[in-house]
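Visitor: Hi! Could you walk me through this one while I have it open?
Guide: Happy to, let's bring it up.

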Amino acid sequence: MVINQVGSFNHMYVMLSQEGILPSARGYRRIYILLEGSAKYMLGQKFGISQSPCVFGVEEGDIFALIPVDRASILEISLGKDEECEGETIDLRFVEHGARHPLVMKKFSELKKGEGFYIINDHDPLPLYFQMSFAFPKKVGWRYVEVKEDFWKIGIKKLKE
């Protein structure tokens, strides 16, 4: 994924992507503009396809993803910037499947605002995000850090008390 920071001004950041936006929930508001092309989108629990030009407003803590259907240019304007969360890494690949979600939910419930941790999984753990967002509305920060074939590293952060 190629994302280029175009500029910043007074805690407002502008980035341009040609390859799409992976699902993420962040602790600040964002605006995404589909400048050209078409893309599948996910905003909260709504899914659809949109043609350019199109604007998406994303509130703090809401998940958003934009996956191009054809060549697309996507502009992101954010009112904040991701900070690396400092915390342990939990490798779920070696945890029984039925114990993975409860383990992550328990760990998250013990966090204070601004604290976080990483998980590593052998598949996309997006269903875990949905479960967490129901249990902790608008409190779950979610960011894909690294994605390979059988390796998914996700940063999870508590956004609000």
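Visitor: Which residues have the most contacts inside the largest nonpolar core?
Guide: Those are Ile119, Met132, Trp142 and Ile156, in a core of 24 residues. Keep in mind that this is a predicted model.

Visitor: And which elements give two or more residues to this core?
Guide: Strand 8 (63-68), helix 1 (97-109), strand 11 (116-121), helix 2 (126-135), strand 12 (140-148) and strand 13 (151-158) do. Helix 2 gives the largest share, with five residues.

Visitor: Where does this core lie with respect to domain 1 and domain 2?
Guide: It lies between them, because domain 1 (4-78) and domain 2 (89-158) both give residues to it.

Visitor: Is there another core apart from that, and what residues are among its members?
Guide: Another core, of 11 residues, lies apart from the largest one; Ile21, Tyr32, Ala39 and Cys54 are among its members.

Visitor: Back to isoleucine 119: what is it in contact with, leaving aside its neighbours within four places in sequence?
Guide: Isoleucine 119 touches Ile90, Leu92, Val104, Pro125, Leu128, Trp142, Trp152, Lys153, Ile154 and Ile156.

Visitor: Switching to the domains, how many residues of each are in contact?
Guide: On the domain 1 side there are 13 residues, in contact with 11 residues of domain 2. Taken over C-alpha atoms, the centres of domain 1 and domain 2 are 22 Å apart.

Visitor: I'm thinking about pockets too. How much space lies in the second largest pocket?
Guide: About 310 Å³. The second largest pocket is lined by 17 residues, and the closest to its centre are Gly27, Asp82, Glu83, Lys157 and Leu159.

Visitor: What classes of residue are in that lining?
Guide: The lining of the second largest pocket has seven charged, six nonpolar and four polar residues.

Visitor: Which element supplies the largest share of it?
Guide: Strand 13 does, with four residues. Strand 12 and strand 13 each supply at least two residues of that lining. By domain, at least three lining residues come from each of domain 1 (4-78) and domain 2 (89-158).

Visitor: Now some single residues. Is arginine 100 buried or exposed?
Guide: Arginine 100 counts as buried, because its relative accessibility is 5% and the cut-off for buried is under 20%. Arginine 100 is found in helix 1.

Visitor: What is arginine 100 in contact with, not counting neighbours within four places in sequence?
Guide: Its contacts of that kind are Leu92, Arg93, Val95, Asn121, Asp122 and His123.

Visitor: How about phenylalanine 47, buried or exposed?
Guide: Phenylalanine 47 is exposed, because its relative accessible area is 58% and exposed means over 50%. The residue sits in strand 6 (residues 46-51). Beyond its neighbours within four places in sequence, phenylalanine 47 is in contact with Tyr41, Met42 and Phe130.

Visitor: What separates the C-alpha atoms of phenylalanine 47 and alanine 65?
Guide: They are separated by 9.4 Å, with the two residues 18 residues apart along the chain.

Visitor: Last one: where is leucine 35 placed?
Guide: Leucine 35 is in strand 4 (residues 30-36). With a relative accessible area of 44%, leucine 35 is partly exposed. Leaving aside neighbours within four places in sequence, leucine 35 has contacts with Leu16, Ser52, Ser73 and Leu75. Leucine 35 and valine 55 are 8.7 Å apart in space, C-alpha to C-alpha, and 20 residues apart in sequence.

Key
Residues are numbered from 1 along each chain as its sequence is written. This is a predicted model: local features need pLDDT of at least 70, side-chain atom pairs count only at pLDDT 80 or more; totals for chains, interfaces and linings use all residues. Side-chain values use heavy atoms; hydrogens and water are left out. A nonpolar core is a set of buried Ala, Val, Leu, Ile, Met, Phe, Trp, Tyr and Cys residues joined through side-chain atoms within 4.5 Å. Buried means under 20% relative accessible area, exposed over 50%, partly exposed in between (1.4 Å probe, protein chains only). Domain bounds come from an automatic or database domain assignment. Contact means heavy atoms within 4.5 Å. On a 1 Å grid over the protein atoms alone, a cavity is a set of points where a 1.4 Å probe fits but cannot get out, and a pocket is an open set with protein on both sides within 12 Å along at least five of seven lines; lining residues have an atom within 4 Å of a point. Grid points are joined across faces, edges and corners, and a volume is the space filled by probe spheres set on the points. Ala, Val, Leu, Ile, Met, Phe, Trp, Tyr, Cys and Pro count as nonpolar, Asp, Glu, Lys and Arg as charged, and the others, Gly among them, as polar.
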